[in-house]
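Me: I've got a model open here and a few labels on it that I'd like to see justified. Can we go through them one at a time?

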Amino acid sequence: MRVRHLLTHHAGLPGSRLKGMWNWRPEPASAVLATLREEASVYPPDLIFHYSNLGFALAGLIVERLSGKPFADSMERASAITGSSIGARTRRS
């Protein structure tokens with residue numbers, strides 16, 4: 001699987017994964033990644049378009065690993081560059 005597959009929804013991943021991702025205190029990325037290894041693909045990569053929030057979450061983890069910063073920090077920086085309103089959100093602790 002390639003990053004292009006994640007961003008174009010051609011990775012073959014499930015549409016979403018609720019366990020540990022959508023709550024006020026999400027699991028660390030390492031825990032989410034460990035459980036993803038156990039999940040089956042829906043389709044082989046690059047076969048069909050299948051919308052996946054999970055793919056974008058994984059792309060965010062790639063940004064974190066490459067930048068060494070939380071994904072939210074990278075998005076705030078990108079929104080300041082583009083002038084978008086993404087950075088207008090408030091942080092939760």
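**Checking the labels**

Reply: Sure. In this predicted model, the largest cavity has a volume of about 30 Å³, and the structure holds 1 cavity of 30 Å³ or more.

Me: What makes that space a cavity and not a pocket?

Reply: A cavity is a set of points where a 1.4 Å probe fits but cannot get out, whereas a pocket is an open set, so this space is called a cavity.

Me: Which residues line the largest cavity, and how do they divide into nonpolar, polar and charged?

Reply: The lining is made of H5, L6, H9, A11, G12, L13, H50, S52 and G55. That gives 3 nonpolar, 6 polar and no charged residues. Gly counts as polar, so G12 and G55 go with the polar ones.

Me: Why is M1 called exposed?

Reply: Exposed means over 50% relative accessible area. M1 has 57%, so M1 counts as exposed. M1 sits in the segment before α1 (3-7).

Me: What is M1 in contact with, leaving aside its neighbours within four places in sequence?

Reply: With that exclusion, the contacts of M1 are L6, A11, L13 and P45.

Me: And what makes up the largest nonpolar core?

Reply: There are 9 residues: L6, A11, L13, L33, L36, L54, L58, A59 and L61. Two or more come from each of α2 (29-36) and α3 (53-67), with α3 giving the largest share, 4 residues. Core members have to be buried, which means under 20% relative accessible area. Leaving aside neighbours within four places in sequence, L58 is in contact with L6, L13, L33 and L36.

Key
Residues numbered from 1 in each chain as written. Predicted model: local features only at pLDDT ≥ 70, side-chain atom pairs only at ≥ 80, totals over all residues. Heavy atoms only, no water. Buried < 20%, exposed > 50% of the residue type's maximum accessible area, 1.4 Å probe, protein only. Contact = heavy atoms within 4.5 Å. Core = buried A, V, L, I, M, F, W, Y, C linked by side-chain atoms within 4.5 Å. 1 Å grid on protein atoms, 1.4 Å probe; cavity = no way out; pocket = protein on both sides within 12 Å on 5 of 7 lines; lining within 4 Å. Points joined across faces, edges and corners; volume = space filled by probe spheres on them.
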